[in-house]
Amino acid sequence: MKKDKFLLYFSTLISGILITMFISAFLTFLGLTETSLFLEKWLINWFYASIIAFPIILTVRPISIKISQKIANILFSK
């Protein structure tokens with residue numbers, strides 16, 4: 001595997017882990033009435049969110065880059 005591919009996949013993995021960590025913690029906290037269950041519920045929610053997020057980010061990223069490039073070309077073309 002080349003360095004640029006490794007960086008793409010590894011940065012996507014790290015981003016997915018960090019983003020899902022914060023979002024799942026926030027939503028788990030809001031959804032619980034018994035806060036003593038937070039850690040137990042949050043860890044499983046975070047696990048599921050991380051499994052879903054990684055392939056979704058890999059799929060959506062190229063699409064978002066193309067859309068961003070088209071919008072930037074429209075906004076900054078002279």
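Let me start with one residue, Tyr9, which has its place in helix α1, and which is partly exposed, with a relative accessible area of 33%. Please keep in mind throughout that what we are looking at is a predicted model.

Tyr9 also belongs to a nonpolar surface patch of about 970 Å², which is made by Met1, Phe6, Leu7, Tyr9, Phe10, Leu13, Ile14, Ile17, Leu18 and Phe22. As for the surface of the chain in general, the accessible area comes to about 6500 Å², and 73% of that belongs to carbon and sulfur atoms.

Now let me step back to the chain as a whole. There are two helices and zero strands. The radius of gyration is 17 Å, well over the 12 Å that the globule rule gives for 78 residues, and the chain is therefore more spread out than a compact globule. If you follow the C-alpha trace along its principal axes, the spans are about 55 × 35 × 15 Å. Buried residues make up 10% of the 78 residues, and, if we take the contacts with a separation of 6 or more, residues 24 or more positions apart account for 50% of them.

Turning to helix α1 itself, which covers residues 3–31, we can ask what span its 29 residues should have at 1.5 Å a residue. The expected value is 42 Å, and the end C-alpha atoms of α1 are 41 Å apart, which agrees.

Which residues of α1 are buried? They are Thr12, Gly16, Thr20, Ser24, Ala25 and Thr28, and what covers them includes α2, the helix that runs over 38–76.

I would like to dwell on Thr28, from that list, because at 5% relative accessibility it falls under the 20% cut-off and so counts as buried. Leaving aside residues up to four places away in sequence, Thr28 touches Phe38, Lys41, Trp42 and Asn45.

For contrast, let us look across to Leu39, which is found in helix α2. Is Leu39 buried or exposed? At 52% relative accessibility, Leu39 counts as exposed, since the cut-off for that word is over 50%. Leu39 and Thr28 are eleven residues apart in sequence, and in space their C-alpha atoms are 9.1 Å apart.

To put the pieces together, then: α1 has Tyr9 partly exposed and Thr28 buried, while α2 is included in what covers the buried residues of α1.

Terms used
Residues numbered from 1 in each chain as written. Predicted model: local features only at pLDDT ≥ 70, side-chain atom pairs only at ≥ 80, totals over all residues. Heavy atoms only, no water. Helix = DSSP H or I, 4+ residues; strand = E, 2+ residues; numbered from the N terminus. Rg over C-alpha atoms; globule rule 2.2 N^0.38 Å. Buried < 20%, exposed > 50% of the residue type's maximum accessible area, 1.4 Å probe, protein only. Contact = heavy atoms within 4.5 Å. Areas by Shrake-Rupley, 256 points an atom, 1.4 Å probe, with all protein chains shown as cover. Patch = residues over 30% accessible without salt bridge, like charges linked within 9 Å, V, L, I, M, F, W, Y side chains within 5 Å. Salt bridge = Lys/Arg side-chain N within 4 Å of Asp/Glu carboxyl O. Expected span 1.5 Å × (residues − 1).
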